[in-house]
Amino acid sequence: MKVAAALEARPLPADTRMRHLRAYRSMARTGLKSLLAYQTSFLFGMLASTFGALSMLYLWRSVLSAGPRHGFDWPQMKAYLLVAFVAGSLVSSYTDYRMANRIKQGDVAIDLVRPVDYQWSRFAESLGVAAYEAGTAVVVALGAAALLGGVPLPDPDTFGLFVVSALLVFPLRFGIVYMSGLLVFWTQNYVGLQAARIALITLFSGALVPLVFLPEWIQVASAYLPFAGMASTPALLYSGSLGGGAAATAVLVQAVWSAGLWLLARGMWSAACRKLTIHGG
Amino acid sequence: MPTHRPEPRRRSDVDFSASVVGLASAKVHDGSVTLIQAIGLRKVFRKPDKAPGIRGSLRHLVQRRYSEHVAVDSIDLSIAEGEAVAYVGPNGAGKSTTVKMLSGILVPTAGQVHVDGLVPHRARVENARRVGVVFGQRTQLWWDLPVRESLELLRDMHGIDRSRYQERLERFDSVLGLGDLLPVTARKLSLGQRMRADLAAALLHEPRVVYLDEPTIGLDISVKDRVRSFVRQLVSEGTTVMLTTHDLSDIEEICQRIIIIDEGRLVYDGNLQAVKDTHVRERTMSFELEDSLLGADQIAARLPGARVHLESNGRELAVTFDRMTLGARQVLSAVLAEVEIVDMHIDEPAIESVVRKVYAGQLQAEHGGATNSEPMR
Ligand SMILES: Nc1ncnc2c1ncn2[C@@H]1O[C@H](COP(=O)(O)OP(=O)(O)O)[C@@H](O)[C@H]1O
Ligand SMILES: [Mg+2]
C-alpha cells in the first residue's frame with residue numbers, strides 16, 4: 001500500500017505550502033525577538049556605525065565645498081552616503097554570528113532535525129532581523145539628514161528602479177553573509193572570516209566611498225561582482241547619478257546575483273552536509 | 001492506565017525518494033513492522049593531522065595528512081515498531097554518531113539506513129516530521145526566548161493545529177509539570193527544567209520514533225525519575241524508543257531489549273531480562289547480625305560454592321552465590337543456623353554487571369545466542 005501512496009505522490013499540496021509559509025513567518029518573528037534580547041548591544045553597534053558615517057559625511061562636506069567631484073555635489077553625496085548607510089546596516093552580523101557559533105559548537109545538529117529547510121529558515125530569521133535593522137537605520141539616517149540640512153528627494157525618473165534595487169539589497173547581503181557563515185564548516189573559526197567579509201563588502205559595495213572614486217580595476221570588478229548591488233546601486237539610483245540603460249542594467253545585475261548567490265549557497269550547503277562532522281556529544 | 005492514543009496520525013502521504021519504495025514495505029518479523037533498519041552502517045571521521053599553531057596549519061595545506069577514525073563500524077540494526085531499545089556502550093563507543101545517522105544529521109560513510117521507510121539523510125525534512133530527537137547535552141529550545149515561544153514556533157514548523165497543540169501542552173503539563181516553565185526564558189532554566197522542556201519540544205509533534213541520547217545526564221534523582229516515567233509512558237503508548245545512555249538504571253526501567261556497542265562495533269543484541277537471567281547468575285545476600293561474629297567459616301562450610309564475606313566489625317555478613325546452584329532459602333537457613341540476624345536484603349543482578357562482563361569480553365564467549373555478535377561481512 002506504501003507503493004500506491006508513493007505513486008499517488010503529488011507536488012506539495014496547498015496545505016503543506018501553507019504550513020511552510022506559517023513556519024517561516026514564525027521564524028522571521030523569532031529572529032526579530034531573539035535580536036531584541038540583545039537590543040542594547042545592537043544599539044551600541046548602531047551608534048558606532050552612526051559615528052563612522054557622520055565623520056564620513058563631514059569629511060565629504062569639506063572636500064566637496066571646493067566644488068563637485070566625479071559628478072558628485074554635496075547634496076548628492078549626502079543622499080548617496082545615507083542610502084548606503086541604511087543598505088549597509090541590513091543583515092549585519094546577527095545571521096552569520098549565530099550560524100557560525102552553532103556550527104562550531106555542533107548545535108547545527110539540532111537545526112538539522114527540524115522539519116524545515118535550513119537556508120529558508122536562516123533567510124526568514126534574517127528577514128525578521130532586517131526589519132529591525134532597517135527601521136533603526138532609517139531613523140538614524142533621517143536624524144543625520146536633519147542635522148546636515150536635509151536631503152534631496154529621490155529622482156522621480158528612477159524612483160521605481162530605486163525601490164526594486166533597495167529590495168534586492170536584502171537577498172544579496174543575505175547570500176554573502178550566509179555563505180561566509182557556512183565557511184565555518186571548513187575553517188572551524190569565524191573571527192578572521194567575518195572581518196574579511198566585512199572588509200570586502202565595505203570596499204567593493206561602495207558603502208564608504210562611491211566606486212567612481214576608486215581605481216579603475218575595482219570599478220570594473222564591482223560591475224560584475226555582487227557587491228555593488230549591496231549599497232552602491234540603490235544609493236546611485238536614489239541620488240540620480242545613474243540613469244537610463246545603465247540603471248536598468250545595474251538592477252538586472254542585482255537580480256541575477258540574488259538568484260545566483262541563492263543557488264551557490266545551496267550548492268555550498270550540500271557540500272557542507274556531505275563533509276559535516278558534528279563536534280561534541 | 002488507559003492512556004489515550006491520538007487519533008489516526010496524519011502521516012504524510014508524500015514519499016520523496018522512489019528508491020525507498022521497495023524497502024518501505026518493511027520486513028515483517030514476528031508480525032510487527034520494522035521501523036528502524038540499518039545494514040552495515042559505518043561512519044569514519046577524518047581528522048586532519050596538523051601540528052598546532054600557524055606553522056602546523058601551513059604545513060597541513062602543503063601536505064594534507066589525515067588520520068581516520070572509525071566511530072561506527074558496520075552495525076546492523078533492526079528495530080520493530082513499538083520496541084523500546086537501550087543502546088548502551090562506554091563513552092566514545094559511537095552511540096551518538098549512530099543516533100545522528102538515524103536522524104539524518106550525519107551521512108553514513110557506508111551502509112544503508114531506513115527509518116519508517118525513509119533514508120534519513122536524503123529525506124531529512126520529511127524524516128524530521130516523523131522522529132523526535134533529544135540530545136541530553138544540547139537544547140532544542142531557542143535560548144533567548146520563553147519556553148512557550150519555542151514551543152509555538154515548533155508548532156508552526158510541524159503544522160500542528162491549535163486545539164491539538166493545546167491538548168499536547170496540557171498533557172505535558174500533567175506529566176512533566178511544564179506549565180510553570182512556559183513563561184521562563186530558556187537561558188534561565190535549570191538543567192532539570194531544561195530537560196523537561198526539551199522533552200516537550202521533541203515530542204510535541206507525536207513522533208513515531210524517538211531517539212533519546214543521554215536524556216538523564218547530569219540530572220538529579222527526582223528529575224531522572226520523572227523523565228524515566230515519562231519515557232515509560234511513551235513506550236506504553238506504542239512509540240518506538242531508542243535510548244542511549246551509560247546510566248544503566250535508565251534501561252532497566254524502560255527497555256526490554258538491549259544493544260551493546262563498544263568501539264563502534266555491535267557486541268550484543270538481545271532481550272534484557274534474558275541477558276540478566278543467563279549472564280548474571282550471581283546474587284548477593286547481605287545480613288546485619290545481632291551479635292558480632294569472629295569468623296564465618298562455619299557458615300561457609302554449610303554453603304559450598306558460595307563466597308562468604310564478614311566485615312571487620314563482625315556485624316555485617318555478605319554471601320554471594322550462584323542462583324542456579326543455591327537458593328536464597330538455603331542461604332538464609334544456613335546463616336540462621338549459626339547466628340541471629342537483625343536485617344537482611346538481596347541485591348538483584350544489576351545490568352551494570354552484564355555490561356561490565358561484555359566490556360571484559362566475557363559475554364561474547366559465553367552466550368553465542370545473541371543475534372548479531374558475529375562480525376558481519
Ligand atoms: N565530529 C567528529 N569528528 C571526529 N571524531 C568524532 C566526531 N564525533 C565523534 N567522534 C569520535 O567518534 C567516536 C564516537 O563518538 P560518539 O558517537 O560521540 O560516542 P558516544 O556517544 O558513544 O560517547 C569517539 O571516539 C569520538 O571521539
Ligand atoms: Mg554520546
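These legends accompany close-up views of aromatic rings and their neighbours in a predicted model.

**View 1. W120(A) and W262(A) form a tilted aromatic pair.** Let's start with two tryptophans: a pair of aromatic rings is described by the distance of the centres and the angle of the planes. Here the ring centres of W120(A) and W262(A) are 4.6 Å apart and the planes meet at 50°; that angle is neither under 30 nor over 60 degrees, so the pair counts as tilted. W120(A) belongs to helix 7 (residues 118-147) of chain A and W262(A) to helix 13 (residues 244-275) of chain A, which puts the partners 142 residues apart. W120(A) is partly exposed at 39% relative accessible area, whereas W262(A) is buried at 18%.

**View 2. F123(A) meets W262(A) edge-to-face.** Look again at W262(A), this time with F123(A): the centres are 5.4 Å apart, with 90° between the planes. Because F123(A) lies in helix 7 of chain A and W262(A) in helix 13 of chain A, this pair ties together parts 139 residues apart in sequence. F123(A) has a relative accessibility of 17%, under the 20% limit, and so counts as buried.

**View 3. W120(A), F123(A) and W262(A) belong to one aromatic cluster.** Other members of this cluster include Y118(A), F170(A), F174(A), Y178(A), F185(A) and W269(A). Over all chains, the count of aromatic pairs comes to 20.

**View 4. R114(A) lies over the face of W142(B).** Here you can follow an arginine of chain A to a ring of chain B, with 4.0 Å to the ring centre.

**View 5. R155(B) sits over the ring of Y165(B).** The charged end of R155(B) is 5.0 Å from the centre of the Y165(B) ring.

Key
Residues are numbered from 1 along each chain as its sequence is written. Chains are lettered from A and ligands numbered from 1 in the order in which they are written. This is a predicted model: local features need pLDDT of at least 70, side-chain atom pairs count only at pLDDT 80 or more; totals for chains, interfaces and linings use all residues. Side-chain values use heavy atoms; hydrogens and water are left out. Rings of Phe, Tyr and Trp (its six-membered ring) pair if their centres lie within 6.5 Å; planes under 30 degrees apart count as stacked, over 60 as edge-to-face and the rest as tilted. Helices (H or I, at least four residues) and strands (E, at least two) are DSSP runs, numbered from the N terminus. Buried means under 20% relative accessible area, exposed over 50%, partly exposed in between (1.4 Å probe, protein chains only). A charge sits over a ring if NZ of Lys or CZ of Arg is within 6 Å of the ring centre and within 35 degrees of the ring normal.
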